[in-house]
Amino acid sequence: MAELTLQEYCQEIEGLIERSGYDEAAAHCRHILGQYPKYVEAYRLMGKAALDREDDEQASEMFARVLSADPADFVSRAGLSIIYDRQEKLKEAVWQMERAYELEPGNPVVQDE
């Protein structure tokens, strides 16, 4: 079995998410968290997978965990903005998107929003 660094493993999980392998990606994240329960990137990836499969409750929980460790996490801010927009909570969606813009003002997706 080939050895992977944790960063390479997370890149592979990111690829699963991009190919709509959300459940498999979440399982890999849970595996990482079983060994490294404070590894923030695994929570971020679980949030992304949940967001893409429109499981807003789980995505919100994962992004909240990430933000408790890193309040300047762009992915979590943008993800929460999407979730609040889906829930028609415009004020909260705008607030989160403004925080995302402050973190990455040059990001074209945020600029479009």
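Mentor: Let's pin down a word before we start: a residue is buried under 20% relative accessible area, exposed over 50%, and partly exposed in between (1.4 Å probe, protein chains only). This is a predicted model, where local features need pLDDT of at least 70 and side-chain atom pairs count only at pLDDT 80 or more, while totals for chains, interfaces and linings use all residues. Residues are numbered from 1 along each chain as its sequence is written, and side-chain values use heavy atoms, with hydrogens and water left out.

Trainee: Which residues of α5 are buried, then?

Mentor: F74, S76, R77, A78, G79, L80, S81 and I83. They pack against α3 (40-52), α4 (56-69), α6 (90-103) and α7 (108-112), where contact means heavy atoms within 4.5 Å.

Trainee: Why is S81 called buried or exposed?

Mentor: S81 has a relative accessible area of 5%, so it is buried. S81 sits in helix α5 and touches A93, Q96 and M97, leaving out residues up to four places away in sequence.

Trainee: And L90, what makes that one buried or exposed?

Mentor: L90 has 59% relative accessibility, so it counts as exposed. L90 is in helix α6, and its C-alpha is 32 Å from that of E24, 66 residues away along the chain.

Trainee: What makes something a helix here?

Mentor: Helices are DSSP runs of H or I with at least four residues, strands are runs of E with at least two, and both are numbered from the N terminus. By that rule the chain has 7 helices and 0 strands.

Trainee: How do you know what length to expect of α5?

Mentor: The expected span is 1.5 Å times one less than the number of residues. Helix α5 (residues 74-86) has 13 residues, for an expected 18 Å, and its first and last C-alpha atoms are 19 Å apart, close to that. After α5 comes E88, with a positive phi near 60°.

Trainee: Why is C29 in no bond with the closest cysteine sulfur?

Mentor: A disulfide is a pair of cysteine sulfur atoms within 2.5 Å. The sulfur of C29 is 6.7 Å from the one in C10, so that is too far for a bond. The structure holds 0 disulfides. As for cover, C10 is buried because its relative accessible area is 5%, and C29 is buried because its value is 1%.

Trainee: What makes a set of residues a nonpolar core?

Mentor: The members are buried Ala, Val, Leu, Ile, Met, Phe, Trp, Tyr and Cys residues joined through side-chain atoms within 4.5 Å. The largest such core has 17 residues, and I13, I17, C29, I32 and L45 have the most contacts inside it. Helices α1 (6-18), α2 (22-35), α3 and α4 each supply at least two of its residues. A second, separate core of 7 residues includes A50, L51, A59 and I83.

Trainee: What does I17 contact, apart from neighbours within four places in sequence?

Mentor: Y22, A25, L45, K48, A49 and D52.

Trainee: How do you know whether the radius of gyration agrees with a compact globule?

Mentor: The radius is taken over C-alpha atoms, and the globule rule is 2.2 Å times the number of residues to the power 0.38. For 113 residues that would be near 13 Å, and the chain has 14 Å, so it agrees. The C-alpha trace spans about 50 × 25 × 25 Å along its principal axes, and 40% of the residues are buried.
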